[in-house]
Amino acid sequence: MTSPFESVMAEADLEGLEESDLSLLETLDHVLNSGLVIAGEITISVADIDLIFVGLNVLVSSVEKAHEVLRDRERRAAMTTGSESEVSAQEAQHEMG
Amino acid sequence: MKLYAYFVSDDPGVRVPESVTGVGGSSVRLMKAEDLLVGVSESDDAPVAITRDNVVAHERVIRSVFEHTTPLPFRFGNIVGEGQLRSYLHSHQEALQTRLLLLRGRVEMSVKVIWQASNGVNAETEAVPVATASYLDQTEGGAGAAFLMAKRREFLGDKMLADKATEITSWLKERLGSSICKEQVSVRPRDKLVVAAAHLVARTSLGRYRGELNKARAERPELHFLCSGPWPPYSFANIDLEFKTHFGVS
C-alpha cells in the first residue's frame with residue numbers, strides 16, 4: 001500500500017527544496033533511523049507529528065520506522081490485556097494512517 | 001521518574017553547556033556509570049512526540065558535546081529507569097568502549113545519490129524492453145506472450161537498475177575510499193534515492209574528503225547529490241551485532 005508520504009515522494013521536486021528543509025530531513029534521518037538503542041526502550045508517539053515535508057525516502061522510512069515501533073508496543077500492551085480484537089483495530093488504523 | 005538518554009562518552013572532559021536544554025525543555029546532566037558518562041534528562045513515562053522541537057532538542061544536546069569530542073549518540077526516544085540504564089551500561093561496557101575507541105576523533109558524513117527519470121538512467125532501462133516487445137508482438141502475439149513479455153520487461157528493468165546502482169556505489173567508494181575509515185551503504189535500485197552512504201571520516205581528514213567529494217560530483221552531472229555533515233556518528237553507533245557476536249547472544 002502506498003503511504004501518503006510515498007505519494008508525496010513520487011511527486012517531489014528535489015531541486016525545489018529549500019536548504020533548511022533538507023537540513024531538517026537529514027536530521028530526521030539520523031535522529032530517528034539510527035543511533036544507539038537500549039533494547040525495547042524506544043518510546044515515541046506519532047500521534048501529533050507536526051513535521052510536514054515533501055521529498056526523500058528518508059522521511060518515509062523514518063515515519064514507517066516510527067509506526068513499526070509503535071505498532072509493536074501497542075501489540076505487546078494489547079496482549080497483556082488479552083484483547084486481540086483491539087490489536088486488529090489498531091493495526092487497521094495504522095495501515096490506513 | 002525515568003531518564004531520557006542522549007549519548008554515551010568515555011571522555012572525562014565531556015560537558016553539556018547549561019544553556020543547552022533537552023527534550024521538552026528539560027535540563028541535561030551527566031550520569032557516571034562504570035568508566036562511562038551518559039547525557040540524560042529527567043522524563044516521565046509518556047511517549048515522546050516526534051515534533052520538530054523534540055527532534056531538534058535531541059540533536060542539539062548531542063551536537064553540543066560533539067563540537068569537542070565524539071560521543072556515541074542514542075536514537076531519539078530512549079526512555080529508561082536509572083537502574084535499567086546502569087544495568088545496560090554494565091552489561092555492554094566492553095562493546096561500548098570498543099565502539100567509542102573506533103569513533104574517537106572521527107565524524108560521520110552523509111552522501112545521498114538521487115537519480116531522476118529525466119536523467120537518462122531510467123530512460124535507458126525502458127529502451128531495451130520496448131525493442132524486445134516489438135519483436136515478440138510480431139512473432140508470437142496472444143495473452144501468454146504478453147504476460148511473459150511483461151515479466152521479461154520487469155526482470156530486465158530490475159537488473160539494469162541494480163547494475164547501475166552497483167556501479168554508482170563502487171564508483172563512489174573508489175573516489176572517496178582513501179579518506180574514509182568505515183562506511184555504511186544502502187542501495188535501493190528501485191527508488192529515486194538510489195544510494196545512501198554514511199562515511200566515517202577522521203576530523204583531520206575532512207578537508208581532503210570534501211575535496212574528493214567535490215571532484216567526484218563534478219564527474220557525474222547526471223546524478224543529484226545530497227551531501228551533509230559532519231554528524232555525530234549515528235550510523236555507526238549500533239553495537240548489537242558486536243555484542244551478540246562477542247557474547248554469543250542471539
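A residue is buried if 20 or more other C-beta atoms, placed from the backbone, lie within 10 Å of its own, exposed if 12 or fewer, and partly exposed in between. Strands (E, at least two residues) and helices (H or I, at least four) are DSSP runs numbered from the N terminus.

The model is predicted: local features need pLDDT of at least 70, and side-chain atom pairs count only at pLDDT 80 or more, while totals for chains, interfaces and linings use all residues. Residues are numbered from 1 along each chain as its sequence is written, with chains lettered from A and ligands numbered from 1 in the order in which they are written.

**Exercise 1.** Determine how many residues of strand β7 of chain B are buried, and sort them by the way they point.

Step 1. β7(B) covers residues 106-114, and 9 of its 9 residues are buried.

Step 2. In a regular strand, side chains alternate between the two faces of the sheet.

Step 3. One way point Arg106(B), Glu108(B), Ser110(B), Lys112(B) and Ile114(B); the other way point Val107(B), Met109(B), Val111(B) and Val113(B).

**Exercise 2.** Find the strands that pair with β7(B).

Step 1. Pairing requires at least two DSSP bridges between two strands.

Step 2. With β9(B) (residues 193-202), β7(B) forms 9 bridges in the antiparallel sense. Ala202(B) of β9(B) stands opposite Arg106(B).

Step 3. With β10(B) (residues 224-231), also antiparallel, there are 6 bridges. Here Trp231(B) is the bridge partner of Glu108(B).

**Exercise 3.** Classify Val48(B) as buried or exposed.

Step 1. Locate the residue: Val48(B) is in strand β4 (residues 48-49) of chain B.

Step 2. Val48(B) counts as buried because it has 22 C-beta neighbours inside 10 Å.

**Exercise 4.** Describe the largest nonpolar core and the domains it draws on.

Step 1. A nonpolar core is a set of buried Ala, Val, Leu, Ile, Met, Phe, Trp, Tyr and Cys residues joined through C-beta atoms within 7 Å.

Step 2. The largest has 55 residues, and those touching the most other members are Ala5(B), Tyr6(B), Val38(B), Leu72(B), Val194(B) and Val195(B). β9(B) gives the most to this core, 7 residues.

Step 3. At least three residues come from each of domain 1 (2-104) and domain 2 (108-120 + 159-235) of chain B, with bounds taken from an automatic or database domain assignment. The centres of these domains, taken over C-alpha atoms, are 29 Å apart.

Step 4. Apart from this core lies another, of 7 residues, including Leu28(A), Val31(A), Val55(B) and Phe76(B).
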